[in-house]
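User: I am new to reading protein models. Can we go through some of the labels and the reasons behind them?

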Amino acid sequence: MLLRYSVALMAVLLAFGIGVHAWRQRSYGLACLAGWVATVAVAALGLAFAVPGSRLPGLDLLITLLNTLAAPLLLAYVVHAVRGTRLHWAWFLPFTLHVVAAVVIGVALLQQIKFTTSVLYEYGFTALGWVVYARGSAPRRDLLPVLGVLVAVTTLHLAQLTQILALQGFYAMDLVRQAPFIVLVVWFAIAIGMAAADSPVVRRLVPTLAATADDEDRALFARIVRIMAEQRPWADPELEVGGLAAMLDTNPNAVSRALSRAGVTTFYAFVNLHRVREAERLLLDPNEARVKVEALGRQAGFRSRSTFFKAFREHTGLTPSEYRAAQSAPSSAESSPAAP
């Protein structure tokens, strides 16, 4: 029971942490990984609070639904990390159909789709993730996070398999029955530790944890700076780390690592800096004097007014309107005639 509570707590913390990081980075791949961890968290919470020895058809149905959702989420994370592309929405159709069937049929659906069936479905998607990873052309060091996730999930599947066999009477040891929870606790602990070590706040408190950039990181960062200046990808409001990685013929992990080791806090902080500089130029352009501030923000690549104002204030200490007024005030004073 203690292991189940530990799994639930760690899964909730990790899902929240990855989710926040995905939101800050606007990363589709990290969002999918956060979703996968969240499915584990919900399942672990359900198992942790279930009454021991009781059969809960509703809980069993929920877990089968989570398995069919977790499978494509994991594959989506791997595909985005390795290839920088998004998984086609059709891969999520089985989950959608499962939800519809669950609503229409209810717990009686368990007679057609059993827990073991949904687990085997998840195994198939994990196998596809391994295929995508093996066929990736990126340097393996760039894909170490992907490898870590696949190894952990595969180990979890093996542990689940031993638990299924144990429930069928092949094994009776309590350790075998608890193997999935032990695996999850260890993996979550490692993942949370790695995330904490990679946090800018923790690195400031413990400078020895900060990784140093090597020649490849510095060369890639130089290419990133050059492409941002020459091709101006930041002008696209939909730009994300996968898109920039595709332009550089590399993968999102390599781009994020190069930026991090160059001292950049997040990918979007780096992109928004370029957008703020463009917004400053537009605000001071006499030809744009009659254009509204919000429209200039969109020209600079900002998707929304709130994001534009927040980023602009962070970099200049002023709102765009205050910046325009402050910069135009001296020129207005110089051009006005002196009083007699």
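Analyst: Start with the word helix. A helix here is a DSSP run of at least four residues, numbered from the N terminus. Ala34 lies in one of these, helix H2, residues 28–49. Keep in mind that this is a predicted model.

User: Why is Ala34 called buried?

Analyst: Buried means under 20% relative accessible area. Ala34 has 8% relative accessibility, so Ala34 counts as buried.

User: Which residues is Ala34 in contact with, leaving aside its neighbours within four places in sequence?

Analyst: Ala15, Ile18 and Gly19. Contact means heavy atoms within 4.5 Å. There is also a pair to look at by C-alpha distance: Ala34 and Leu14 are 20 residues apart in sequence and 7.8 Å apart in space.

User: What makes a set of residues a nonpolar core?

Analyst: Its members are buried residues of certain nonpolar types, joined through side-chain atoms within 4.5 Å. The largest such core here has 43 residues. Trp36, Tyr77, Val146 and Phe188 touch the most other members.

User: Which helix gives the most to this core?

Analyst: H3, with eleven residues. H3 covers 57–83. Other elements giving two or more residues include H1, H2 and H8.

User: What is Phe188 in contact with, beyond its neighbours within four places in sequence?

Analyst: Phe188 is in contact with Val7, Met10, Ala11, Leu14, Val37 and Val40. There is also a second, separate core of 19 residues, and Ile224, Met228, Val264 and Tyr268 are among them.

User: Now the helix pairs. Why is H10 called roughly perpendicular to H12?

Analyst: Look at the angle. The axes of H10 and H12 cross at roughly 95 degrees and come within 9 Å. Angles of 65 to 115 degrees count as roughly perpendicular, so H10 is roughly perpendicular to H12. On the H10 side, the contact is made by Asp217, Leu220, Phe221 and Ile224. H12 adds residues including Arg257 and Arg261.

User: How do the residues of that contact divide?

Analyst: Seven are nonpolar, none polar and three charged.

User: How do the axes of H10 and H13 cross?

Analyst: At roughly 30 degrees, and they come within 12 Å. The crossing is right-handed. H10 brings Phe221, Ile224, Val225 and Met228, while H13 brings Phe270, Val271 and His274. Six residues of this contact are nonpolar, one is polar and none is charged.

Key: Residues numbered from 1 in each chain as written. Predicted model: local features only at pLDDT ≥ 70, side-chain atom pairs only at ≥ 80, totals over all residues. Heavy atoms only, no water. Axes fitted to C-alpha atoms, helices over the stretch in contact; angles between N-to-C directions. Left-handed = near helix turned anticlockwise from the far one by under 90°. Nonpolar A, V, L, I, M, F, W, Y, C, P; charged D, E, K, R; others polar. Parallel < 35°, antiparallel > 145°, perpendicular 65-115°, else oblique. Buried < 20%, exposed > 50% of the residue type's maximum accessible area, 1.4 Å probe, protein only.
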